[in-house]
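Biologist: Could you walk me through how to read a model like this one? I would like the general idea each time, then the case at hand.

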Amino acid sequence: MLETQIKQWRLLLYISRLRFPRYPAYYFPVFVLLQGLKKLRYDLKLRSLEFYLQPIPNVLFEQLQSDQLVNSEHTLFISPTAFREYVVEHEINWINLVLRVAKSTEQKVETQPDQSLVSIILNKQDVSLLCQIAPHPDVPLTALWVKENLVENLNERYTRSGERYWGRLQRIAEGQHLPAIVAKANIFIYQTPYDLSSDMVDYILGRYFETPRLLYRNHTYQIPLTERFLGNTFYTKNFAILAHMRSLWFKCLNLDSTAGGFEMNGIVQKSLTTLQQTTTYNNFLLPEHFDGLHMRPSCPFGLRKYYDSLRSSLQAYMKTENNGLVQNGIYPVFMLRGERGIGKMAVLRSVASTLGIPIYYADCSEIMTSISSQTETKLSSAFNKAKICEPLIICLESFEVFGVDNEGHEDQRITGSFQMELSSLFSRKYSHPVVVVALANQKESNTPKLTSLFLEVIQFHPPTTGERLELLRWISLSHRYRLPNRQLHKIAEQSQGFTLSDLELLYGNALEAWRRSKD
């Protein structure tokens with residue numbers, strides 16, 4: 001035995017001398033040993049890494065996970081290096097995510113007197129989630145890309161806001177059960193102001209659960225209502241509704257296994273799971289802070305002051321119970337006024353999405369008719385959406401044509417009807433806020449009495465040079481190739497009077513010209 005080992009060592013030293021004649025023979029075995037220790041140290045470091053959750057836009061997340069066998073909002077995208085360390089087999093890409101949900105020291109001191117003992121204990125415990133894991137080359141080593149909705153679900157459950165989540169990854173333990181297909185799932189459909197028939201809802205849910213979906217109990221999920229997802233025929237047939245309604249939300253209430261047991265998570269599939277809709281559900285949606293597909297804020301940088309103004313105004317009405325403003329006849333009725341394309345709709349959508357309030361769009365050019373009684377009926381129908389869905393923002397588009405007769409003068413009857421509808425709307429008791437926001441594509445109002453009914457008129461002015469530069473920087477974040485800063489400064493200085501929509505078109509043309517000049 002000893003002689004065999006000595007022969008092997010001599011053979012290794014001989015090969016080392018032939019391969020590296022410039023160095024002593026014993027250097028190579030020592031080098032291999034040191035490299036092995038280095039690799040072992042690196043692997044141990046990876047195993048002990050703490051990761052932070054980096055939310056990404058919901059739309060981008062859906063694109064990245066489209067090739068997964070089971071689609072889930074609980075998928076983690078991780079760097080390829082960490083993926084190779086934690087996943088042994090690509091077919092079994094499940095992992096335990098152990099999150100620290102304990103609040104910061106400052107928050108503990110402030111909230112401890114008001115918390116129950118159970119709440120304090122729960123907030124000190126780590127939370128384990130069973131998730132899918134997938135590699136992505138753009139993810140930093142210590143980051144986990146997750147869907148924005150997952151972070152908001154965690155914020156809602158553990159009453160955290162603005163704090164980054166940290167946690168660690170653990171391999172699936174031997175004997176640990178992976179998610180199984182459940183026999184029955186009970187869900188709440190979030191109420192919507194649009195007239196969705198039961199057949200439409202069944203079709204949308206059927207399309208969604210054609211792909212196996214991992215659901216967690218008491219989590220809220222979003223179904224994107226895009227033409228690609230729903231199919232061209234269905235989308236075209238219901239375009240009047242789907243043009244404004246971007247998604248359908250539901251909350252998972254219960255999951256029952258085939259043995260009749262109670263499950264915290266499970267896979268739901270159309271042909272294997274009985275889906276039961278309990279009832280409709282009125283509540284805030286999960287906040288969304290990103291602009292669709294792009295890794296940029298939903299509010300353009302140069303319009304931030306208008307966003308802050310509108311959001312601070314709405315914030316006073318978020319509490320509906322015993323709200324002194326509404327009780328004293330000060331109703332949440334606001335107007336955003338400015339020339340077409342200046343960014344009014346972008347600001348409104350950004351405020352609504354970050355507050356989790358759906359919008360019902362009513363075009364005043366369709367509400368106004370030559371017969372006053374028909375106009376009053378259509379206006380009443382728009383305001384009655386608050387009876388169906390709350391919270392709600394009723395958005396009156398093209399408001400510059402409302403309350404104006406054929407000769408361009410203010411129509412006193414329509415103005416009076418609008419005032420009566422407002423009084424009727426806010427005389428009801430709501431569990432969640434209801435707000436009216438009008439968008440007027442004009443610089444000045446020609447209906448002073450109608451304008452006086454609004455609590456606040458936010459006037460959008462043409463952007464200054466600095467604001468145009470901020471808008472261009474925001475626009476550039478949606479492009480793969482971007483103009484250099486000196487070009488942005490030049491465009492901002494030479495585009496006086498341009499609005500947000502003008503700058504988007506201008507940036508696209510300038511980027512194309514710049515790329516051609518480089519080629």
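Modeller: We will go from the domains to a sheet, then to single residues and a few other elements. Keep in mind that this is a predicted model.

Biologist: Let's start broadly. Into which domains is the protein divided?

Modeller: There is domain 1 at 184–277, domain 2 at 301–459 and domain 3 at 465–518. Taken over C-alpha atoms, the centres of domain 1 and domain 3 are 40 Å apart.

Biologist: Which residues does UniProt list for "domain: ATPase AAA-type core"?

Modeller: The unreviewed UniProt entry lists residues 335–460 under that name. In the model, that span is 40% helix and 20% strand, with its end C-alpha atoms 10 Å apart.

Biologist: Now a sheet, please. In what order do the five strands of the open sheet come?

Modeller: Read across, the order is β17-β18-β19-β16-β20, and the pairing is parallel. The edges are taken by β17 (359–363) and β20 (456–459); each has a single partner strand, so one side of each has no neighbour in the sheet. On average, neighbouring strands here are turned by 20° against each other, direction ignored.

Biologist: How many bridges pair β16 with β20?

Modeller: Four bridges, in the parallel sense, with β16 covering residues 333–337. To find the register, look for L336: its bridge partner in β20 is I458.

Biologist: And which way do side chains point along a strand?

Modeller: The general idea is that in a regular strand the side chains alternate between the two faces of the sheet.

Biologist: Which helix lies across β16, β18, β19 and β20?

Modeller: That is α12, residues 304–315, and it runs at about 170° to β20. The strands β18 and β19 span 392–397 and 434–440.

Biologist: What does a helix imply for its side chains?

Modeller: An α-helix has 3.6 residues a turn, so residues three or four places apart point the same way.

Biologist: Let me try a single residue, E456. Where does E456 lie, and which residues does E456 contact beyond its neighbours within four places in sequence?

Modeller: E456 lies in strand β20. Leaving those neighbours aside, E456 touches S309, S313, V333, F334 and M335. Two polar contacts stand out for inspection: the E456 side chain meets that of S309 at 3.4 Å, and that of S313 at 2.6 Å.

Biologist: Why does E456 count as partly exposed?

Modeller: Because its relative accessibility is 26%, and the partly exposed class falls between the buried cut-off, under 20%, and the exposed one, over 50%.

Biologist: Is N322 buried or exposed?

Modeller: N322 counts as exposed because its relative accessibility is 62%. You will find N322 in the loop between α12 and α13 (324–327). The C-alpha atoms of N322 and E89 are separated by 58 Å, with their positions 233 residues apart along the chain.

Biologist: Let's turn to another set of strands. How many residues of β8 are buried?

Modeller: Six of the seven residues of β8 (184–190) are buried, so that strand is mostly covered. For its pairing, follow β8 to β11 (residues 247–256), where six bridges are antiparallel and F188 stands opposite K251. Then follow β8 to β13 (residues 274–281): six bridges again, but parallel, with A185 partnered by L275.

Biologist: Why is β11 described as largely enclosed by the rest of the structure?

Modeller: Because seven of its 10 residues are buried. Strand β11 is also joined to β10 (residues 220–224) by five antiparallel bridges, and there Y221 stands opposite F250.

Biologist: One last element, a helix. How many of the residues of α7 are buried?

Modeller: Nine of the 11 residues of α7 (148–158) are buried, and the helix is mostly covered. Among the buried ones are L150, V151, L154 and Y158. Just after α7, check the backbone of T159, which takes a positive phi of about 45°.

Key:
Residues are numbered from 1 along each chain as its sequence is written. This is a predicted model: local features need pLDDT of at least 70, side-chain atom pairs count only at pLDDT 80 or more; totals for chains, interfaces and linings use all residues. Side-chain values use heavy atoms; hydrogens and water are left out. Two strands pair if DSSP finds at least two bridges between them. Helices (H or I, at least four residues) and strands (E, at least two) are DSSP runs, numbered from the N terminus. Axes are lines fitted to C-alpha atoms, for helices over the stretch in contact, and angles run from 0 to 180 degrees between N-to-C directions. Contact means heavy atoms within 4.5 Å. Buried means under 20% relative accessible area, exposed over 50%, partly exposed in between (1.4 Å probe, protein chains only). A polar contact is a pair of N or O atoms within 3.5 Å; within protein, one must be able to donate a hydrogen and the other to accept it, and residues adjacent in sequence count only if both atoms are side-chain atoms. Domain bounds come from an automatic or database domain assignment. UniProt positions are given in the numbering used here, feature names are shortened, and annotations may be inferred rather than shown by experiment.
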